[in-house]
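This report describes a structure under short headings. The sequence and the model are shown first.

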Amino acid sequence: MTQTILKTHDLSIRFGGVTAVDHVNIEASENELIGLIGPNGAGKTTLFNLLTGVYRPTEGDVALFDGQKLAIVNQQSPAKRARLGIARTFQNIRLFESRTVLENVMIAMNSHTRAHTWDAILRLPSFYKHEATLKNEARQLLSIFDMLGVQDTLATNLPYGQQRRLEIVRALATKPKILFLDEPAAGMNPQETADLTRLIKQVQQEFKMTIILIEHDMNLVMAVSERLYVLEYGKLLASGTPAEIQQNADVIRAYLGENDT
Amino acid sequence: MDQTHIKYTLSWAAMAAMGFVLIFMAQMVGLIGHYGVTTIVLIGINVIAALGLNLVVGISGQFSLGHAGFMAIGAYATALIMAVMPGVMGFIVGMVTGIAVSGIVALIVGIPTLRLRGDYLAIATLGFAEIIRIVIMNLKITNGPAGIFGIAPFVSWQLVYILAVITLIIVVNFVRSMPGRAIIAVRDNEIAAESLGINTTKYKVIAFVLGALFAAMAGSLRASFIQSIAPKDYAFMQSIMILIIIVIGGIGSMSGKVITAIALGILDTLLQNFGSLRMVIYSVILIVVMLIRPQVIFGSRELSLKKWLFDGGDGHDTDHTENA
């Protein structure tokens with residue numbers, strides 16, 4: 001029996017009169033790959049923001065697996081949730097643009113390394129040792145994703161596909177238990193999308209983590225997801241395996257529109 | 001890698017020592033008179049204050065207009081303690097106290113205000129500096145608007161030079177370390193930094209407090225060097241003067257700050273002869289410089305000895321935090 005590591009109960013958020021996420025109940029197990037789909041404006045990113053702590057729910061709960069049991073984390077900041085093992089990428093890429101690829105990854109490792117401020121200021125041998133360890137770890141991670149060649153490039157100078165890839169590597173550097181990917185294939189060409197599909201599979205297999213993925217590219221999402229949730233107007237419309245969802249009449253209607261005839 | 005680091009460190013040390021010897025020789029030969037020494041000391045004090053403010057404005061990206069407030073705390077703590085404790089010990093205790101008080105005040109002011117952004121933070125910090133100035137103006141112990149006179153002079157150019165070099169080392173080493181990188185990450189993209197588990201407020205407060213410590217040190221040095229202090233020395237214009245050094249030196253660039261502080265210091269001295277026209281000429285020069293190069297003098301680039309001396313070295317281990 002696999003462990004449930006994320007669960008929501010009647011999760012809702014209202015902005016003024018708009019209920020962006022409306023009583024959504026979802027759950028995710030260890031090492032599961034879940035797709036989250038729905039038309040534009042369905043509340044997918046808002047749901048991500050609720051799960052990662054950018055927004056606090058108006059109603060309902062978010063629970064995360066914290067050591068032994070599921071704990072409600074409604075009031076915890078994104079930084080605290082990150083330390084519980086949540087990592088994410090963003091729809092509009094958010095890298096540390098003035099830093100190199102290597103530094104972007106090293107900064108992410110911050111969450112699980114102690115800051116040795118005095119060692120750094122006095123440049124004690126322990127500082128160099130610590131830096132070297134961090135650099136090595138970061139380089140190992142980059143080499144897994146074929147990014148060692150660009151380690152000294154400024155993040156802002158990377159091509160688009162590589163920026164997306166770096167964002168994923170950076171998220172992995174925090175050693176998360178759950179990885180949220182917000183439209184990772186947005187703006188990618190078919191070749192890049194195919195690479196990304198392999199990358200997502202690889203991450204799940206090599207790092208043994210739960211991945212929750214928002215994606216509009218149906219080929220990608222159907223190829224990688226084990227289970228899908230479909231959102232429409234903030235409500236959960238359907239859930240099931242890719243095959244079930246493809247046959248679901250409600251989902252077809254939501255995507256293709258009502259058939260009047 | 002270690003070899004390069006040692007060579008690199010030694011080269012910077014040699015450069016710092018060379019500057020020291022040059023000034024020493026120039027003074028011996030009589031090239032630098034009393035006036036010159038004053039200029040050098042004031043430049044050094046500005047360098048310390050600017051490097052501190054750079055941590056706040058340049059590195060952590062928080063716009064603070066309250067630096068003069070922290071300088072005032074350092075200056076008055078030094079003057080008041082030296083009044084009851086004459087001698088070098090009084091100066092040392094005064095400076096340390098000033099730095100400590102300034103750090104505590106920065107912590108208290110920083111925790112609520114650093115949640116504000118951009119313009120709001122600028123106004124909040126400006127307000128803070130004004131509060132400090134008005135409190136000093138109205139307290140009996142600080143002698144009101146007249147200020148304090150006859151502070152014993154213990155500040156030589158040698159002391160200021162050494163402290164400026166130490167400040168530079170601390171700031172550069174701090175920025176090129178894990179906490180420094182975390183602060184830059186918060187500046188570059190706060191939402192992303194937070195999503196990685198970085199406590200953004202904590203790192204902004206750290207930068208703000210460190211900046212305040214150096215401001216207090218600068219204020220303390222200035223009090224003992226000028227030998228008199230008054231609230232008007234720590235008005236809004238003082239914060240602006242330090243901010244000018246930062247903006248012209250290129251937001252973020254350390255070497256840019258040092259060179260700008262030196263250039264403006266010399267310019268300021270040269271303009272002494274122009275009397276009341278001085279500030280007008282000074283302003284015109286600033287405007288022209290800004291027009292010619294908006295990313296003035298350095299942009300965010302650094303003077304890099306490594307690039308000059310060890311070019312083509314081990315590519316993998318080059319320090320890429322240069323443009324911090």
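## Basis of the description

Helices (H or I, at least four residues) and strands (E, at least two) are DSSP runs, numbered from the N terminus. Two strands pair if DSSP finds at least two bridges between them.

The model is predicted: local features need pLDDT of at least 70, side-chain atom pairs count only at pLDDT 80 or more, and totals for chains, interfaces and linings use all residues. Residues are numbered from 1 along each chain as its sequence is written, and chains are lettered from A and ligands numbered from 1 in the order in which they are written.

## Strand pairing in chain A

S1(A) and S2(A) form a hairpin in which two residues separate the strands. In the turn, A:Gly16 has a positive phi of about 60°. Strand S1 of chain A covers residues 4–15 and strand S2 of chain A covers residues 18–24; the two run antiparallel and are joined by four bridges. A:Ile13 has A:Val21 as its bridge partner in S2(A).

S1(A) also pairs in the antiparallel sense with strand S3 (residues 27–29) of chain A, over three bridges. With strand S5 (residues 59–66) of chain A, S1(A) shares five bridges, again antiparallel. A:Lys7 has a bridge partner in S3(A), namely A:Glu27, and a bridge partner in S5(A), namely A:Ala63.

## Contact between the chains

Two residues are in contact if their C-beta atoms, placed from the backbone, lie within 7 Å. The contact between the chains takes 28 residues from chain A and 22 residues from chain B. On the side of chain A that touches chain B, two or more residues come from each of helix H2 (78–84), helix H3 (101–108) and helix H4 (117–122) of chain A.

For composition, Ala, Val, Leu, Ile, Met, Phe, Trp, Tyr, Cys and Pro count as nonpolar, Asp, Glu, Lys and Arg as charged, and the others, Gly among them, as polar. By this division, the side of chain A that touches chain B has twelve nonpolar, eight polar and eight charged residues.

## Fold and domains of chain B

Chain B has 13 helices and zero strands. A residue is buried if 20 or more other C-beta atoms lie within 10 Å of its own, exposed if 12 or fewer, and partly exposed in between, with C-beta atoms placed from the backbone. Of the 324 residues in chain B, 45% are buried. Among contacts in chain B with a separation of 6 or more, 78% are between residues 24 or more positions apart.

Domain bounds come from an automatic or database domain assignment, which for chain B gives domain 1 (46–248) and domain 2 (253–309). The C-alpha centres of these two domains of chain B lie 21 Å apart. Their contact takes twelve residues from domain 1 of chain B and eleven residues from domain 2 of chain B. On the domain 1 side, helix H2 (34–59), helix H6 (157–175) and helix H10 (236–248) of chain B each supply at least two residues. The largest share there, five residues, comes from H2(B). The domain 1 side holds ten nonpolar, two polar and no charged residues.

## Helices H9 and H10 of chain B

The expected span of a helix is 1.5 Å times one less than its number of residues. Helix H9 (residues 200–226) of chain B has 27 residues and should therefore span 39 Å, which agrees with the 39 Å between its end C-alpha atoms. In H9(B), 24 of the 27 residues are buried. B:Gln227, just after H9(B), takes a positive phi of about 70°.

H10(B) has 13 residues and should therefore span 18 Å; its end C-alpha atoms are 18 Å apart, in agreement. Its buried residues are B:Gln238, B:Ser239, B:Ile242, B:Ile245, B:Ile246 and B:Ile248. The buried residues of H10(B) pack against H2, helix H3 (67–84), helix H5 (118–138), helix H11 (254–270) and helix H12 (278–292) of chain B. B:Gly250, which follows H10(B), has a positive phi near 90°.

## Nonpolar core

A nonpolar core is a set of buried Ala, Val, Leu, Ile, Met, Phe, Trp, Tyr and Cys residues joined through C-beta atoms within 7 Å. The largest such core has 163 residues, and those with the most contacts inside it are A:Val105, B:Ile48, B:Ala49, B:Met71 and B:Met217. H9(B) gives the most to this core, with 17 residues. At least three residues of the core come from each of domain 1 and domain 2 of chain B.

Not counting residues up to four places away in sequence, B:Ala49 touches B:His67, B:Met71, B:Phe214, B:Ala215, B:Ala218 and B:Ile242.
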